[in-house]
Amino acid sequence: MATATDVIARPASASGLWSWITTVDHKRIGILYGVTAFMFFLLAGVEAGVIRMQLAVPDNTLVSPDVFNQMFTMHATAMIFMAIMPMGAAFFNYIIPLAIGARDVAFPRLNAFSYWTFLFGALLIHTSFVVQQVPDAGWFSYANLTEKPFSTGLGIDFWALGLQVLGVASLAAAFNFVVTIINMRAPGMSLMRMPLFVWMTLITSILLVLAFPVITVGLIELTFDRLFGTNFFNTAGGGDPILWQHLFWVFGHPEVYILILPAMGIVSEVLPTFSKKPLFGYPVVVFSGIVIGIMGWMVWSHHMFTVGLGPVANSVFTITTMLIAVPTGVKIFNWIGTMWGGSIDFKTPMLFALGFIALFIVGGLSGVSHAVSPSDAQQQDTYYIVAHIHYVLFGGSIMGIFSGIYYWFPKMTGRLMNEGLGKLNFWLMFVGMNITFFPMHFLGLNGMPRRIYTYTSDYGWDWLNLLASAGYFVLFAGVAVFLINFIKSVKNGQVSGHDPWDAPGLEWTIASPPPVYNFAKVPQVVGLDHYWLVKRRAEAEGNPITGPEAYVDPETIHMPNTSYWPIVTAFGALVLAAGFLVEFPWPYIKFPIPFIGGIIAFIGVLGWSLEPAAPEAHHGSEAHH
Amino acid sequence: MSTHPPEHHESRHPTFKQYATIAIILFAITAVEFLIIVPEGLKGSGVVIAPLVALSAVKFAIVIMFYMHLKFDNRLLGSVFLTGLVLAFMAGGAVLALFGSFQPTPREFAAANAVAYTHLVEGDGHEEVELEHPVHEITSDGGTEMVVEEPTGGADLVAQGQAIFTGSGGCLACHAVEGIASGMLGPDLTHIGTDAATRKPETSAHDYITESIKEPEAFVATDVERANPGIMTSALTSSLSDADVEALVDFLLAQK
Amino acid sequence: MAYASGQLPTSDVDHTYTSTGLNHRKLLMWVFLSSDCMFFGALIATYMVYRGQSLIGPYPIDIIDVPITTISTFVLLCSSFAMVQALAATNRNDQKGIQIWLLATAFMGLIFIGFQAYEFNLFLGEGLRIDTNLFGTTFFTLTGFHGAHVTLGIVWLLILFVMGRKGRLGPASALDVELAGLYWHFVDIVWIVIFTLLYLIGGFDAGPTAGLLIEPSLLAFPT
């Protein structure tokens with residue numbers, strides 16, 4: 001039937017820039033996420049380089065204190081929100097539908113919207129560099145340093161508004177994956193037959209859905225304080241800066257589990273594949289993930305042990321924080337149990353997974369030491385915490401992500417990454433990471449505070465800092481090797497075939513790269529580690545499976561059409577947020593631009609709703625969100 | 001009071017009558033809530049909180065279960081919604097508890113001693129911002145002074161002194177007076193009214209306390225717990241007017 | 001499960017198959033509402049933390065008008081009733097009923113917003129702005145965002161009304177109306193919480209609570 005959007009033809013191209021801009025294909029969106037996130041990873045890595053070079057020697061004057069503050073703020077903000085989270089999203093996007101036997105996610109246009117909103121939010125925050133008003137109050141921007149009299153200029157506004165846009169992107173993606181995983185699994189895939197990566201994605205998405213609204217409120221309150229003179233965190237008006245900390249960390253703690261659970265999911269897939277043994281204690285690992293997700297809400301004030309909450313509060317959070325180490329430890333034992341008695345194949349994905357386990361244990365141990373509030377009183381705001389953060393996020397999340405890249409690269413491109421370069425990449429990163437961050441444990445316990453732009457020789461921190469800065473170059477080399485490997489392999493990598501690792505997941509049953517429709521026929525899942533069951537049975541019966549699912553003509557399978565409404569709506573969201581950066585001297589409406597953004601977003605949503613999900617109407621479900 | 005409308009079994013769609021009944025029940029509950037707080041004595045009293053919350057919870061549940069149809073829908077939907085709802089209550093409740101129960105908030109001290117933003121040192125890159133309601137004024141010699149009305153003198157100097165002790169004077173940050181302040185940095189002043197006479201030879205309690213406020217470095221008592229030289233300086237008390245000091249001394253002399 | 005040897009097991013479910021039997025969009029709406037609980041929860045927690053902490057007036061007891069707001073609460077409850085009627089009409093293909101009830105719901109929503117606007121104006125006239133004190137800050141932020149939710153709901157309902165007039169709503173598209181209804185009822189139950197906390201209980205808050213030891217006049221705030 002005629003739609004309002006018939007006036008402008010629905011985009012239909014399959015190649016070229018326009019096809020990427022209007023794509024709703026989860027595989028393309030996954031690639032967009034991955035490439036974009038990696039670029040911000042590199043940028044944040046450069047910022048880390050500036051930090052380490054400034055701190056390499058005492059009394060250094062490489063950058064001013066103000067620029068240093070901007071560096072550590074943007075390094076952390078970019079790494080967390082624009083590198084690790086979207087790289088996780090890249091995998092969710094590409095792999096989840098394949099892993100559950102679906103042809104796409106539940107809401108393909110919402111998926112595209114979340115990518116464009118992510119890109120626009122990231123660009124918004126980084127525009128601060130262009131106008132030289134960069135956020136500089138730390139990635140957690142504690143009030144009331146962030147209030148107008150102390151942080152003049154637009155830096156904090158860029159941070160708060162950009163983060164709001166990024167938050168919308170994360171929420172949109174999370175909503176999509178919760179529904180996709182709950183509702184689009186192939187027949188036979190009960191919840192307890194889902195691959196671990198799918199489980200961890202589900203838990204992560206639920207955490208996102210529940211945690212982001214809290215930071216949204218915090219950011220709204222901060223923005224209102226800065227723009228409208230409210231008193232949320234302004235003590236002179238009766239407000240309390242501690243409220244910001246509570247709102248931030250109620251979000252912030254689940255956020256760190258959002259950062260680590262996907263990597264744990266990846267490791268839980270890689271280890272069984274390269275040990276040629278099923279995951280040890282699958283139900284227990286699932287249950288531990290769920291427990292981590294739930295308990296993650298009960299520990300946030302361990303970030304506030306030194307704020308003066310009192311001995312009762314501190315004790316309660318000490319206990320809950322120590323308890324949350326238990327399910328993590330359980331997972332580690334299960335991973336070790338998986339490898340025990342297995343036939344280990346030390347390919348690059350496996351090396352990264354093993355590196356994850358080793359380094360995450362170190363990070364977890366330092367974490368337990370800060371769980372205890374009296375010892376945290378010494379460690380808080382020192383480099384000991386910086387060490388912990390980087391062991392769990394670099395040694396944990398990043399290692400896990402790299403494991404996933406090497407593991408799923410053949411599926412996405414049809415080629416294998418080079419093993420020699422891969423091993424070099426791993427060892428450079430593993431060694432470099434330890435050289436850079438292990439000394440920080442000692443620096444912290446010897447009293448070096450965080451977020452200082454320089455120090456004098458009197459403290460005796462000199463050579464450890466120099467060592468840490470030297471480690472940066474090893475890391476740099478590791479990342480460079482990765483890039484070389486990636487680019488070489490995309491072009492000339494050895495052809496991988498559909499199942500190079502003899503892996504158990506559904507995604508390996510189809511061709512590499514997958515056809516646009518993913519599965520020609522909807523699979524019937526026969527058990528946990530489905531593909532292993534199918535392959536082993538086939539071999540036992542003398543009919544081994546030698547190829548992927550047979551290719552069919554894509555025209556015979558209806559896939560969602562491309563659409564430009566997602567990017568239009570995302571643009572509206574961008575204008576709405578960015579509009580608050582420009583104040584007009586008008587009497588009643590100081591910020592008119594957000595209204596324009598709202599109208600664009602509204603038009604986008606309207607067009608989106610009225611556009612049918614398919615060119616021919618399906619059972620009368622026209623309006624689609 | 002019955003809150004159960006007629007059961008509907010096969011029909012997924014209740015009748016107009018059933019919905020109307022539910023609507024009337026909701027109205028009735030709202031009316032009862034309104035009537036509860038009509039009596040003057042009950043307005044804002046603690047005793048109505050529980051009934052009001054309970055009635056609202058009932059309305060909440062009725063709308064969710066019947067209007068939003070959750071009672072008859074797939075249980076997964078209910079679990080999904082309940083997760084967010086329960087978490088919101090528990091996290092919100094925890095934040096409230098952390099703000100109230102365990103420790104008096106530092107808000108009073110902060111509000112009393114919040115430094116006006118016009119006080120910031122020039123030349124360090126920060127703009128000066130004028131507060132509409134300045135807490136301090138810049139005095140002619142560049143220092144700052146609390147914008148404080150002169151005490152009206154006479155009546156209840158002790159109470160004024162207490163207000164300054166716990167307020168603009170900031171003494172409570174370091175000193176303790178049982179039941180009034182619990183500072184842990186300096187000496188406990190709970191019985192300073194009697195002790196002061198014995199501290200400095202040939203100095204009256206009144207004079208000793210006055211000197212301790214105006215010129216703390218002049219004399220530091222030995223063998224008094226937490227009486228350490230160099231911590232309390234006259235700079236800390238320079239903004240107090242003579243009348244303030246008078247009131248403080250009166251207050252402290254009353255701590256026997 | 002029997003499947004051909006050497007082949008991949010397949011199923012023959014059609015494209016409407018879902019793992020739970022639930023419609024994707026309905027599940028999405030409930031997940032969204034769950035998330036929105038956290039959003040309003042954080043705003044309400046902020047209000048509750050700051051109750052009685054305003055350093056200067058006007059205080060709630062000075063300007064909160066419970067009777068008027070009780071009326072607007074009735075209106076909103078009424079609108080929820082109209083919304084379920086709209087859904088019922090959609091299910092029985094009562095085209096006229098669809099339009100009437102959708103319009104009625106939107107109209108009552110507009111009346112509610114009208115009451116909010118009147119109240120905001122009244123408060124502004126009494127000297128309570130969003131930046132006056134903590135009561136103003138938390139009150140306007142919380143009720144403002146709720147009002148924004150209501151406004152978006154009214155726009156949604158009016159769009160549905162227009163679609164109804166074009167004959168595009170009926171039993172086959174009942175989900176569209178149901179989703180709008182779920183959103184609308186949610187906005188109503190959030191108001192139930194706000195009404196109880198900010199008006200019935202908090203509406204009689206007077207001045208700073210006993211924890212605050214400073215006389216506001218000492219701080220030279222003009223009252």
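Contact means that heavy atoms lie within 4.5 Å of one another. The exercises below concern a predicted model.

**Exercise 1.** Determine how many residues chain C and chain A each bring to their contact, and describe the interface.

*Solution.*
Step 1. Chain C contributes 53 residues and chain A contributes 62 residues.
Step 2. The size of an interface is often given as the accessible area lost when the parts come together. Here the two chains bury about 4700 Å² between them, with 68% of that area on carbon and sulfur atoms.
Step 3. On the side of chain C, the residues that lose the most area to chain A are C:Leu8, C:His24 and C:Arg25, together 12% of what that side buries.
Step 4. The rule finds 0 salt bridges across this interface, but 12 residue pairs in polar contact.
Step 5. Helix H1 (24–49) and helix H5 (134–165) of chain C are the elements giving two or more residues to the side that touches chain A. The largest share, 13 residues, comes from H1(C).

**Exercise 2.** Establish whether the end-to-end distance of helix H16 (residues 565–578) of chain A agrees with its expected span, and where the helix lies.

*Solution.*
Step 1. At 1.5 Å a residue, the 14 residues should span 20 Å.
Step 2. The end C-alpha atoms of the helix are 20 Å apart, which agrees.
Step 3. Because 10 of the 14 residues of H16(A) are buried, the helix is largely enclosed by the rest of the structure. Among the buried residues are A:Trp565, A:Ile567 and A:Leu574.
Step 4. The buried residues of H16(A) pack against helices H1 (17–21), H4 (108–130), H5 (155–183) and H17 (593–610) of chain A.

Methods
Residues numbered from 1 in each chain as written. Chains lettered and ligands numbered in written order. Predicted model: local features only at pLDDT ≥ 70, side-chain atom pairs only at ≥ 80, totals over all residues. Heavy atoms only, no water. Helix = DSSP H or I, 4+ residues; strand = E, 2+ residues; numbered from the N terminus. Expected span 1.5 Å × (residues − 1). Buried < 20%, exposed > 50% of the residue type's maximum accessible area, 1.4 Å probe, protein only. Buried area = accessible area lost by both parts, 1.4 Å probe. Salt bridge = Lys/Arg side-chain N within 4 Å of Asp/Glu carboxyl O. Polar contact = N/O pair within 3.5 Å; in protein donor to acceptor, adjacent residues only side chain to side chain.
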